[in-house]
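Student: Could you take me through one part of this model in detail? I would like to look closely at a sheet, its hairpin and whatever packs on it.

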Amino acid sequence: MKFIDSEIMERYLRGESDAQEKQRVLMWLLLNLKTPSADEEFTALLNKVPSTDDTERKQRVKSRLDSLMAAEKQRTCKHARKGVVATLGCLLAAACVAITLLAGNLIETRNEMNQVVSWTEVTASYGEKVAVTLPDNSVIWLHNDSKLIYPDSFHGGVRQVFVSGEVYADIAKNEDCPFVVSSDSVNVVVTGTTFNFRAYPDMTNVELTLIEGSVELDCKTRQGRQSMDVVPGETVTVDMVSGNVGKFLHEPESYVSWNERRALYFNDQTLDDIVKELQREFNQPIVIADRALGRTRHFASFVNEESLMDILNALCTHSGMRVEERNSTIYIYNN
């Protein structure tokens with residue numbers, strides 16, 4: 001999982017990033033330095049930044065790293081329910097060989113990392129809901145294969161957390177300290193409000209439904225950056241590839257959240273994305289036999305504890321499709 005793009009990382013390695021970008025880079029380091037899949041990308045980024053030829057300076061950096069690693073060996077990473085609280089130093093030590101190339105940036109990076117005591121990671125498995133109370137008494141519920149990473153305390157005039165998947169948030173009001181929910185290149189900025197946010201890494205769309213308060217949705221799609229205000233009763237979807245934005249209205253008081261009971265909303269979603277969501281919700285394999293069907297788009301809502309077959313039959317009845325179940329796998333065919 002990544003919460004940063006390569007341009008931001010490059011600017012940071014060159015010492016050209018602003019305070020907000022530095023914070024995003026440090027979170028990327030926290031999340032990814034011990035992830036094998038990130039090694040290739042991180043190495044490629046490092047190779048874009050000229051290394052110093054100052055042998056004496058390199059040695060000073062290496063000595064400092066050795067001291068830091070020796071100190072870190074005496075620490076123990078604490079474990080949290082369904083997650084881990086990891087010191088940033090532990091992760092920095094794990095990437096010592098690559099980071100040595102940064103020379104001048106290293107000490108600054110390590111000092112910035114030490115300003116944060118620890119981050120907690122909480123996950124919800126398929127079919128699971130997990131509630132998390134944050135340091136400011138905001139509450140975030142995680143839904144179906146989702147992840148939340150948050151600090152033990154908020155600093156710097158902003159309350160920021162990082163998510164992947166779907167969350168329902170009830171944010172404590174503080175007009176002097178905005179709250180930011182970040183997921184890859186999407187930021188939801190609030191001061192105190194209630195909303196549902198969905199941004200799964202295997203889906204092209206992100207979706208925000210505002211129940212109460214006010215929200216600014218800022219995202220960087222392949223077509224450029226977009227920023228929009230969202231009002232209560234609006235659901236906003238953004239296609240991160242095409243940049244297309246959809247807005248749908250509902251009655252805030254009639255909105256049913258999945259943290260109360262099973263509730264599924266599909267707002268102009270492709271059948272491919274709907275199937276992914278249904279598999280997360282019901283943890284049952286679904287196969288679209290005709291790939292062209294996966295690109296069809298649908299509007300539907302299910303808030304009355306409907307079964308998986310009830311939902312699929314309702315979707316297919318109006319779309320010229322049929323559903324069959326064989327050996328615990330559901331197949332969708334074109335009529």
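Tutor: Happy to; here is a walk through one sheet, its hairpin and its helices. The model is predicted, so to speak of local features we need pLDDT of at least 70, side-chain atom pairs count only at pLDDT 80 or more, and totals for chains, interfaces and linings use all residues. Residues are numbered from 1 along each chain as its sequence is written, and side-chain values use heavy atoms, with hydrogens and water left out.

Let's start with the sheet: it is open, has three strands in the order 16-19-18, and its pairing is mixed. Strand 16 (286-288) and strand 18 are the edge strands; each has a single partner strand, so one side of each is left without a neighbour in the sheet. From one strand to the next, the twist averages 20°. As for the terms, strands (E, at least two residues) and helices (H or I, at least four) are DSSP runs numbered from the N terminus, and two strands pair if DSSP finds at least two bridges between them.

Now zoom in on the hairpin. Strand 18 (residues 321-326) and strand 19 (residues 329-334) run antiparallel and are joined by six bridges. Among the bridge partners in strand 19, Tyr333 pairs with Arg322, and Ile330 pairs with Glu325. In general, strands of a sheet pair through backbone hydrogen bonds, either parallel or antiparallel.

The turn deserves a pause. Two residues lie between strand 18 and strand 19, and Asn327 in that turn has a positive phi of about 50°. Ser328, in the loop between these two strands, also has a positive phi, of about 70°, although it is not a glycine. At 52% relative accessibility, Ser328 counts as exposed, where exposed means over 50% relative accessible area, buried under 20% and partly exposed in between (1.4 Å probe, protein chains only).

Finally, look at the helices. Helix 8 (residues 271-282) lies across strand 16, strand 18 and strand 19, and runs at about 170° to strand 16. Helix 9 (residues 308-317) packs on the sheet too, touching strand 16, strand 18 and strand 19, and its direction makes about 155° with that of strand 18. Contact here means heavy atoms within 4.5 Å; axes are lines fitted to C-alpha atoms, for helices over the stretch in contact, and angles run from 0 to 180 degrees between N-to-C directions.
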